Amino acid sequence: MRHIISILIENEAGALSRVAGLFTARGYNIESLTVAMTEDETLSRMTLVTDGTDDVIEQITKQLNKLIDVVKLIDLEEAVHIERELMMVKVRTSRESREEIKRTADIFRGKIIDVTVNTYVIEMTGTSEKLDSFLAAIDEDSIIEVVRSGATGISRGEKGLHL
Amino acid sequence: MELSGGQIVVQCLKDEGVEFIFGYPGGAVLHLYDALFHQEDVKHILVRHEQAATHAADAYARVTGKPGVVLVTSGPGATNAVTGIATAYMDSIPMVVISGQVPSAVIGSDAFQEVDMVGITRPCVKHNFLVKNLEDIAETLKKAFHVATTGRPGPVVVDIPKDITDPSIKVAYKYPKKVSMRSYNPATKGHSGQIKKALGLLLSAKKPMIYAGGGVILSEASKELIKLVQTLGYPITHTLMGLGGYPATDKQFVGMLGMHGTYEANMSMHESDVIIAIGARFDDRVTGKLDLFCPYAKIIHIDIDPASIAKTVKVDIPIVGDIKSVLKEMLALIKNGQNKINEKAVSAWWTQINKWREVKCLEYNRESRLIKPQYVIEQLYEVTKGNAIITSDVGQHQMFASQYYHFDKPRRWINSGGLGTMGFGLPAAIGAKLAYPNMEVACVTGEASIQMCIQELATALQYETPVKIINLNNRYMGMVRQWQEFSYESRYSHSYMDAIPDFVKLAEAYGHVGIQIDKPEEVRPALEEAFALKDRTVFLDILTDRTENVYPMIESGKAHNDMKLRVAIDTPINRELA
Ligand SMILES: Cc1cc2nc3c(=O)[nH]c(=O)nc-3n(C[C@H](O)[C@H](O)[C@H](O)COP(=O)(O)OP(=O)(O)OC[C@H]3O[C@@H](n4cnc5c(N)ncnc54)[C@H](O)[C@@H]3O)c2cc1C
Ligand SMILES: Cc1ncc(C[n+]2csc(CCOP(=O)(O)OP(=O)(O)O)c2C)c(N)n1
Ligand SMILES: [Mg+2]
């Protein structure tokens with residue numbers, strides 16, 4: 001099963017490679033990994049999307065916790081949570097297809113953020129699944145470039161991942 | 001007090017109470033070596049290869065329980081240390097390795113003798129640090145010692161760029177008394193509810209087994225373990241790393257378990273209904289094929305590292321905590337009345353176990369006219385009255401030592417279990433002898449292993465560490481040869497040791513005593529002679545039966561009740577009886 005794991009980690013050189021290294025050394029999957037500093041500049045927040053049986057996920061969270069730089073983590077799958085990923089898609093347009101692409105982007109609440117005579121750049125956020133659906137809904141041949149941030153997530157309600 | 005970086009490092013070591021530092025100099029650590037020159041509190045032991053520095057420091061840690069300390073230069077000095085760091089990591093040994101690094105300004109430029117030590121060691125350290133500022137040295141070293149020695153111990157690398165140890169730049173020095181790290185808070189006390197539940201299950205057992213590992217030694221919990229085992233009257237087995245935790249000569253000890261464990265230990269594990277694993281990590285050498293491992297047992301597991309629990313084997317009652325504290329709590333519950341065991345069933349269980357013991361799985365041909373390696377270890381045990389520290393290399397000789405030298409006390413059996421590092425034995429013996437100059441230290445080795453760190457004979461001479469090298473010379477990489485015999489139709493591909501040096505001359509060339517023997521009746525006198533030479537390192541080259549194999553053996557993919565024995569036996573398991 002797919003799990004989103006949110007990690008608070010010391011904002012130190014090498015912290016990211018400890019996490020990445022752990023995954024390759026132990027043969028775990030990484031679907032995506034995002035990382036940025038938090039409001040507290042000594043801490044980074046990492047969001048890691050992985051896939052595995054319950055046993056594997058249990059080992060992954062234990063091994064991550066064991067890294068000295070990891071301060072705290074949660075498996076978002078265990079809580080009600082919101083997931084968001086940012087995507088930008090550059091598509092080739094023609095006079096005939098322009099309207100159609102715009103309509104489809106609207107349906108997915110995408111925004112057109114750059115326009116040239118024969119291209120659009122569409123910006124879209126949502127769950128990774130929604131972004132996949134959008135890509136499936138437009139003509140594959142029209143896609144010039146896709147860039148995705150990887151999923152991030154946050155739990156709902158009062159509970160949160162903080163110190 | 002204003003000190004330079006180099007002086008700070010040395011002062012930190014003093015304040016940490018470090019007795020020995022095992023090292024080898026080079027460009028990036030010259031400032032540090034200069035600081036070492038001006039003092040005598042921290043004794044520097046100059047090895048002949050950085051790998052040996054790490055093994056010697058590691059063994060010092062294993063025999064004393066205190067962290068081993070290593071100092072190496074950048075580049076090749078650092079990479080040479082990696083094998084020893086990985087060895088300590090696999091066996092959870094506390095160690096602090098200080099490596100020099102090229103000056104900060106040239107890091108990343110492929111400077112002379114530059115390697116990314118933090119990157120290279122990342123997968124085989126508990127943690128590592130690159131020190132970026134002179135002001136951070138003291139706190140970083142304090143953290144390094146703290147991380148290395150607490151929780152599940154392990155090696156920590158501190159990489160220090162040369163400019164930071166510059167003698168001309170000084171700052172105020174203060175060694176922190178304590179450190180706290182928000183991201184590192186190892187468990188200590190176990191969960192009381194779990195402990196109570198575990199004891200309940202343990203007391204209800206009909207065929208209980210206590211499976212105790214290296215964690216018992218690391219936790220200094222031997223006393224508590226003995227108390228528990230003897231109060232309950234249950235059988236106990238040890239992993240290779242646990243040996244000495246519980247006295248091997250006691251009747252409740254059924255021997256080591258696993259690949260080369262005893263018949264009775266493995267059969268008992270297989271048939272057991274409740275197993276309590278204490279500081280053991282269900283290593284593959286122990287479990288054999290996982291689906292066939294302990295099919296009837298409910299399992300309790302005490303370990304300080306949550307990641308050790310349920311890693312390979314599912315556990316019914318996990319207890320995360322320090323063994324000493326958990327066992328104390330369990331013993332208190334027993335004292336307060338939670339103590340009724342299933343006596344009738346347990347007595348029947350012992351009857352069964354004693355039947356398995358009758359197989360005498362460690363018997364061997366005592367009439368042979370060739371020296372049997374087992375016989376040498378038995379004699380070594382007798383000559384040293386079971387009181388020596390035995391270090392070992394890796395191979396058949398290691399298994400013979402573990403099977404035939406009965407360790408009654410912790411920290412006496414020093415070997416590389418997890419990584420299985422050939423070359424460990426001799427530098428380890430030196431480290432152990434430095435720690436306990438008044439104890440006998442013997443290194444049980446093979447003619448292949450000893451050649452991997454043979455240069456340390458010079459270190460042994462320089463620092464006057466009279467260890468006894470017991471070389472079980474079978475002219476083969478015996479362990480490899482055994483596998484080839486069993487699994488490759490005896491195609492001995494490159495496992496024959498040719499061009500073996502004359503070890504007697506070699507020992508003499510290094511200033512030691514060399515003795516070679518090849519007859520069984522020479523074994524006892526040679527050992528006595530070697531140990532009588534109190535202040536000399538003696539290399540005892542013993543030409544043993546080259547065809548001898550280690551039994552019992554669970555071949556890979558087999559279950560605990562499917563052992564290869566030396567003598568074919570016919571003892572059907574009596575499940576009714578047990
Ligand atoms: C040639 C060869 C053959 C071998 N054959 C065998 C064999 O037949 N049988 C065998 O048993 N081994 C054998 N080994 C060794 C094997 O590879 C493993 O090293 C060994 O089995 C591991 O021992 P352990 O389970 O006690 O774990 P260790 O590696 O000693 O780990 C200790 C465990 O205790 C935990 N711990 C540490 N401190 C504490 C504390 N304070 N409180 C609580 N828990 C703590 C740790 O987290 C860890 O999980 C062999 C090795 C070689 C090289
Ligand atoms: C550094 C290293 N290389 C290779 C091995 C694989 N290996 C395990 S045992 C062994 C043979 C050891 O031979 P020897 O020291 O003569 O001991 P014996 O088995 O003959 O007693 C080898 C090559 C190892 N454990 N370590
Ligand atoms: Mg050999």
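**Entry 1: ground rules and a loop**

Before anything else, a note to self: helices here are DSSP runs of H or I with at least four residues, strands are DSSP runs of E with at least two, and both are numbered from the N terminus. I am also keeping in mind that this is a predicted model.

With that settled, I went to B:S92. I found it in the loop of chain B that links α4 (76-90) and β5 (95-101). Its phi is near 55 degrees, so I flagged it as a positive value in a residue other than glycine.

While I was on the backbone of chain B, I checked B:P552 too. The peptide bond leading into it from B:Y551 is cis, and I read omega as near -10 degrees. B:P552 sits in the segment that follows β20 (538-543) of chain B.

**Entry 2: chain A, overall**

I counted 4 helices and 9 strands in chain A. Going along the sequence, I wrote the pattern down as β-α-β-β-α-β-β-α-β-β-α-β-β. The C-alpha trace of chain A spans about 55 × 35 × 30 Å along its principal axes.

**Entry 3: a four-stranded sheet in chain A**

In what order do the 4 strands of the open sheet in chain A line up? I traced them as β2-β3-β1-β4, with antiparallel pairing. At the edges I have β2 (32-37) and β4 (70-75) of chain A, each of which pairs on one side only. From one strand to the next, the twist averages 15 degrees.

A reminder I scribbled in the margin: strands of a sheet pair through backbone hydrogen bonds, either parallel or antiparallel.

I then picked one pairing to follow. Strand β1 (residues 2-10) of chain A is joined to β4(A) by 5 bridges, and the two run antiparallel. For a landmark, I used A:L8, which stands opposite A:K72 in β4(A).

Next I asked which strands each helix lies across. Helix α1 (residues 15-25) of chain A lies across β1, β2 and β3 (43-51), and I put it at about 15 degrees to β3(A). Helix α2 (residues 54-66) of chain A lies across β1, β3 and β4, and runs at about 160 degrees to β4(A).

**Entry 4: salt bridges**

I got 38 salt bridges over all chains. I chose one inside chain A to look at: A:K111 with A:E123, where the closest N and O atoms are 3.9 Å apart. That still counts, because the cut-off is 4 Å. Why bother with this pair? A:K111 is in strand β6 (residues 111-115) of chain A and A:E123 is in strand β7 (residues 119-126), so the bridge ties together parts that are 12 residues apart in sequence.

**Entry 5: where chain A meets chain B**

How much area do chain A and chain B bury between them? I have it at about 1,500 Å², with 46% of it on carbon and sulfur atoms. Each side brings 19 residues to the contact: 19 from chain A and 19 from chain B.

Across this interface I noted 3 salt bridges. One of the salt bridges I looked up joins the side chains of A:K66 and B:D305, at 2.7 Å from N to O. I also listed 10 residue pairs in polar contact across the interface.

Which elements of chain A supply at least two residues each to the side touching chain B? I noted α1, α2 and β4 of chain A. The largest share is from α2(A), with 6 residues. By residue type, I sorted this side of chain A into 6 nonpolar, 4 polar and 9 charged.

**Entry 6: a six-stranded sheet in chain B**

Last stop was an open sheet of 6 strands in chain B. I read the order as β11-β10-β9-β12-β13-β14, with parallel pairing. Its edge strands are β11 (253-256) and β14 (317-320) of chain B, and each pairs on one side only. The twist averages 15 degrees from one strand to the next.

I followed one pairing here as well. Strand β12 (residues 274-278) of chain B is linked to strand β13 (residues 298-303) by 5 bridges, and the two run parallel. To find the register, I looked up B:I276, whose bridge partner in β13(B) is B:I300. Finally, I noted helix α13 (residues 343-357) of chain B, which lies across β9 (208-212) and β11 and runs at about 45 degrees to β11(B).

Note on methods: Residues are numbered from 1 along each chain as its sequence is written. Chains are lettered from A and ligands numbered from 1 in the order in which they are written. This is a predicted model: local features need pLDDT of at least 70, side-chain atom pairs count only at pLDDT 80 or more; totals for chains, interfaces and linings use all residues. Side-chain values use heavy atoms; hydrogens and water are left out. Two strands pair if DSSP finds at least two bridges between them. Axes are lines fitted to C-alpha atoms, for helices over the stretch in contact, and angles run from 0 to 180 degrees between N-to-C directions. Contact means heavy atoms within 4.5 Å. Buried area is the accessible area (1.4 Å probe) that two parts lose on being put together, summed over both. A polar contact is a pair of N or O atoms within 3.5 Å; within protein, one must be able to donate a hydrogen and the other to accept it, and residues adjacent in sequence count only if both atoms are side-chain atoms. Ala, Val, Leu, Ile, Met, Phe, Trp, Tyr, Cys and Pro count as nonpolar, Asp, Glu, Lys and Arg as charged, and the others, Gly among them, as polar.
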